[in-house]
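Trainee: Hi! Could you walk me through this one? I'd like to start with the ligand.

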Amino acid sequence: MHRTNNLRRAYIAGTGHAVPEKVLTNFDLEKMVDTSDEWIRTRSGIERRHIARDGETTGTLGAEAAKRALDDAGIGPEVVDLILVATVTPEMVFPSTACVIQEAISAVNAGAMDVNAACSGFIYALSVADLMVASGKCRHVLVIASETLSRITDWTDRNTCVLFGDGAGAAVVSPCPDGDRGILSTYLKSDGSKGEILYILGGGSRNPASHETVDQGMHFIRMSGRETFKVAVQAMGDAAMRILKAEGLSGEDVDLMIPHQANMRIIRATARRIDLPMEKVYVNLNEYGNTSAATIPIALDEARKNGRIESGALVLLVAFGGGLTWASALVRF
Ligand code: UT7
C-alpha cells in the first residue's frame with residue numbers, strides 16, 4: 001500500500017508491552033509431554049515462554065500494554081479516537097476485546113474493534129491505523145496485539161504446546177510532527193486456500209461448541225508444522241523482499257528487522273532472503289515463544305527501550321500466520 005501525496009504521514013508515537021510473570025521452561029515441558037529441551041531449542045529456538053495466571057486475560061494484558069504505550073506517547077486515553085486489537089484469543093466471541101480494553105483504560109471517546117489476521121494481526125492493524133491517521137479521519141489510534149495462546153493450547157500435544165506463549169504489545173499511531181519519520185509503507189497478503197494447515201475448527205458457526213467438539217479437542221490450535229514452516233519461509237521472505245523493492249530499497253538500507261517470532265530457522269531464512277546479517281535482526285523468541293500477533297509489538301517495544309532503534313533508523317516488520325496471512329511494514333523512527 002503506497003502513500004499518495006495528499007495523505008499526511010503517520011508515525012509510531014509510543015509503545016508498550018506486558019507479559020505474564022509466570023514462566024514455563026522447556027524443562028518444565030519435559031515433565032508434561034514427550035519432548036526435550038534440546039529438541040525444542042534446536043528445532044525452534046525457544047527456551048521459555050510466559051503463561052497467564054488465573055484472572056490474567058487477553059483483555060488485562062492488552063490494557064496494561066496499552067496504558068504503557070499511552071504513557072510512552074505522553075497522551076491520555078481520552079484523546080484516543082480508535083482502538084484496534086489484533087488477537088486470535090479474544091476475551092470472548094463478542095463483544096470485542098477492543099471494547100473490553102476501551103472500558104479498562106477509560107478511552108471514552110474511542111471507537112473499538114478487533115482484527116483477526118492471526119500472527120500477522122499487528123501489521124494488519126497497524127496498516128489500518130496508518131491510513132486512518134494519514135487520511136485525517138483519526139488523530140490517535142491505539143494498536144494493541146494481545147494473546148493468551150495458553151488458553152487454546154492442547155497441553156498434551158507436543159507438536160504445538162512447546163511453541164506458544166502469552167503476552168501483549170501496543171503502539172500509539174499519531175500524525176507525524178516533523179520530517180521523514182513514520183510509517184512509510186505496508187504490504188498485506190493472504191491465501192485462504194491453505195487455511196487448514198493452522199486453525200481452530202470448533203466453536204464457530206461451522207462447528208458450534210458442543211460436548212462433541214470439546215471431546216474431540218476442536219477448541220485447540222491444530223497445526224501441520226512442517227507445511228506451515230515451508231510456507232512461512234516463502235511468505236516472510238516475499239513480504240520482506242517486495243516491500244523493500246516497492247520503496248526502491250534493499251536489505252542494506254534496513255537498520256533492524258523485527259520478524260514474527262515463531263521459529264529461529266524461519267527468521268534466519270527471512271534475513272538471508274534480503275541479505276541482512278543477523279546482528280540486524282531482533283530476536284526474543286527464546287524468552288517468550290510464539291505469542292502470535294503480539295510477538296512484533298513486544299519486540300518493537302523492547303528494541304526501542306533497550307537502544308536498538310536509534311533516531312532515523314529504518315525498521316522492517318514482517319509476519320506470517322494462520323489464514324493464511326502475511327504482511328510487512330517499513331517504519332522510519
Ligand atoms: O506463528 C504462525 C506460524 N507457525 C509457524 O511458523 C511454525 C512453523 N513450524 C515450525 O516451526 C516447525 O515445523 C516445528 C518447530 C513445529 C517442528 O519442527 P520440524 O523440524 O518441522 O519438525 P517435524 O514437525 O518435521 O517433526 C520432526 C519429528 C517428528 O517425529 P518423526 O515423525 O520424524 O518420528 C515429530 O513427531 O519431531 C517430532 N516432534 C517432537 N519431538 C520432540 C514433534 N514435536 C516434538 C516435540 N518434542 N515437541
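Mentor: Happy to! One term to begin with: a polar contact here is a pair of N or O atoms within 3.5 Å. Also keep in mind that this is a predicted model.

Trainee: Okay, so how far is Arg158 from a nitrogen atom of the ligand?

Mentor: A backbone N or O atom of Arg158 sits 2.9 Å from that nitrogen.

Trainee: And which side chains have an N or O atom by an oxygen atom of the ligand?

Mentor: Arg43 is one of them, at 2.8 Å. Asn263 is another, at 2.7 Å. As for cover, the ligand has 950 Å² of accessible area on its own, and the protein covers 77% of that.

Trainee: Which residues come nearest to the ligand?

Mentor: Thr35, Arg43, Arg226, Asn263 and Asn290, out of 22 residues around the ligand. That shell has ten nonpolar, seven polar and five charged residues.

Trainee: Which helix gives the most to the shell?

Mentor: That's α8, with four residues. Helices α2, α6 and α9 each supply at least two.

Trainee: New topic: how is the chain divided?

Mentor: Into domain 1 (10-179) and domain 2 (183-332). The ligand's shell draws at least three residues from each of them.

Trainee: How many residues of the two domains are in contact?

Mentor: 49 residues of domain 1 are in contact with 46 of domain 2. Together the domains bury about 3800 Å², with 62% of it on carbon and sulfur atoms.

Trainee: Which three residues of domain 1 supply more of its buried area than any other three?

Mentor: Cys119, Ile123 and Tyr124, which supply 18% of the area that domain 1 buries against domain 2.

Technical notes: Residues are numbered from 1 along each chain as its sequence is written. This is a predicted model: local features need pLDDT of at least 70, side-chain atom pairs count only at pLDDT 80 or more; totals for chains, interfaces and linings use all residues. Side-chain values use heavy atoms; hydrogens and water are left out. A residue is near a molecule or strand if one of its heavy atoms lies within 4 Å of it. A polar contact is a pair of N or O atoms within 3.5 Å; within protein, one must be able to donate a hydrogen and the other to accept it, and residues adjacent in sequence count only if both atoms are side-chain atoms. Accessible areas come from the Shrake-Rupley method with a 1.4 Å probe; for residues, only the protein chains shown count as cover. Ala, Val, Leu, Ile, Met, Phe, Trp, Tyr, Cys and Pro count as nonpolar, Asp, Glu, Lys and Arg as charged, and the others, Gly among them, as polar. Domain bounds come from an automatic or database domain assignment. Contact means heavy atoms within 4.5 Å. Buried area is the accessible area (1.4 Å probe) that two parts lose on being put together, summed over both.
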